Amino acid sequence: LDDWARALGVDVRPLAELTDEVTRDDELARTLAELRMYKDDWEIGQLREAVDRTVEGFAAVAREIPTAIQGPGERWLQGTFDRYARAYGNGPGYATIVGSGPHAPTLHWVRADGPVLPDEILLLDMGVEVNSYYTADVTRTLPASGRFSSAQRQVHDLVEKAHRAGLAAVGTGRRFSEFHHASMEVIARGLSDWGMLPVSVDEALSDTGQQHRRYLVCGIGHHLGLDVHDCARVSREAYQDAVMAPGMVLTVEPGLYFHAHDLTVPPELRGIGVRIEDDILVTPEGSEVLSRALPLAADGLEKWMAAAQQM
C-alpha cells in the first residue's frame, strides 16, 4: 500500500476498509463507470501503445497464415497472437477470435479448433492489453489465400462501406448512437439491393422492424479502456443517448454474418462472415482512428498481407 501511495501521490487504504468509507451500490458503480468514459492524456497514450502493439500482432499472425493452412489451423494463429501479446504487453485483452470459413459468421469464435481453409475468409478479432491493463480491440477479415473471391469481396465491400459511414458519424457533439444508425442504414440498403430484405428499408430500420439484424446480431461499437467493453455499468442516458466528447475512446465494428446453414442467404454468400473494427479517439476537432495503420479496403488488405508475409 505504501508503494502505491508513493506512486500515485494519494492516500491508499486496504480494500477491506472500502465498505466502511464508501457505500457499494449501483449509484457508485455508475458514477465510476461514467468517470472512465473520459480518458486523460496518459490513458490515451496507453491506448495508443495497445493499438500499435495490436497492429504488429496482426502482422505476426498474417505471416503465419500459410503455416496454419498446412495443418495447425486456427489455434496456431490464436497462439501466435497470444504469444505476441504476452511478449510485448501484459497479454491478450480478451479471448482471441480466429474464425475460418464457416466459423467466421459465429460472432465470437474463441474455440479456434478448426482448420484454416485456404479458399475461405479468415475473421480475426484481437487486442493486446499493455502492462497498464489498457486494451485495444481490432478486427480485420482476410482472405486466407491472399486474394478475395468475388463473393467474399462483395460482402467485404458492403461492410467496409458501412464501417466508413460509422467512422464518419463519430465526433465531438454527436450522439453515441449516431454511428450505430449510420452503419445500420448502409447494411440494410445493401441487403435490400441484394434482395435479402423481406420488407422495405424504411420498415427494416424502424424500431419495430430490424429484419436486417438477422445478419448483424450485435451492436456497432462500444467504449474502450481498461476493459474491452469499458463503462458498461453506466446508464443508457450516459451511454447510447449521450453526446460524444473529447477523450472518449470507442470502437466501430459493423459486420455481416451469413451462416452456411441459412437458406435465406444466396448460396454463393453462405458461410461468409465479415467484421471490420477500429479503435477511435474523439478529439476536439472530430475524431482520430488509432488503428488506421491497418487497411480497410479489400485491395489494401491484399497488399498488406503480401507485404507482411514477405517480412
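Reader: Is Tyr-84 buried or exposed?
Author: Tyr-84 has a relative accessible area of 14%, in a predicted model where local features need pLDDT of at least 70 and side-chain atom pairs count only at pLDDT 80 or more, while totals for chains, interfaces and linings use all residues. Residues are numbered from 1 along each chain as its sequence is written, and side-chain values rest on heavy atoms, with hydrogens and water left out. The term buried means under 20% relative accessible area, exposed means over 50%, and partly exposed lies in between (1.4 Å probe, protein chains only). At 14%, Tyr-84 is therefore buried.

Reader: How many aromatic pairs does a search of the whole structure find?
Author: Rings of Phe, Tyr and Trp (its six-membered ring) pair if their centres lie within 6.5 Å, and planes under 30 degrees apart count as stacked, over 60 as edge-to-face and the rest as tilted. Searched in this way, the whole structure gives a number of aromatic pairs equal to six.

Reader: How are the rings of Trp-42 and Tyr-134 arranged, and how many residues apart are they?
Author: Their centres lie 5.9 Å apart with the planes at 85°, so the pair is edge-to-face. Helices (H or I, at least four residues) and strands (E, at least two) are DSSP runs, numbered from the N terminus. Trp-42 sits in helix α4 (residues 41–70), whereas Tyr-134, which counts as buried at 5% relative accessibility, is in the loop between β4 (128–129) and β5 (138–143). The pair thus links distant parts of the chain, with a separation in residues of 92.

Reader: Which kind of pair do the rings of Tyr-84 and Tyr-88 form?
Author: Both residues belong to helix α5 (residues 74–88), where being four residues apart separates them by about one helical turn. Tyr-88, at 43% relative accessibility, counts as partly exposed. The ring centres are 4.5 Å apart and the planes lie at 35°, so the pair is tilted.

Reader: Which element gives the most to the largest nonpolar core?
Author: A nonpolar core is a set of buried Ala, Val, Leu, Ile, Met, Phe, Trp, Tyr and Cys residues joined through side-chain atoms within 4.5 Å. The largest one has 90 residues, and those with the most contacts inside it are Phe-179, Leu-250, Leu-256 and Phe-258. Phe-179 also belongs to one aromatic cluster with Phe-176 and Tyr-239. With 11 residues, the element that gives the most to this core is α4.

Reader: How far from Cys-218 is the nearest cysteine sulfur, that of Cys-231?
Author: A disulfide is a pair of cysteine sulfur atoms within 2.5 Å, and a search of the whole structure finds zero of them. Cys-218 is buried, with a relative accessible area of 14%, and Cys-231 likewise counts as buried, at 3% relative accessibility. The two sulfurs are too far apart for a bond, because the distance between them is 18 Å.

Reader: Which residue's side chain makes a polar contact of 2.7 Å with the side chain of Thr-139?
Author: Thr-139 is placed in strand β5 and counts as buried at 0% relative accessibility. A polar contact is a pair of N or O atoms within 3.5 Å, where within protein one must be able to donate a hydrogen and the other to accept it, and residues adjacent in sequence count only if both atoms are side-chain atoms. The side chain of Thr-139 has such a contact of 3.1 Å with that of Asp-125. At 2.7 Å, its partner is Glu-277.
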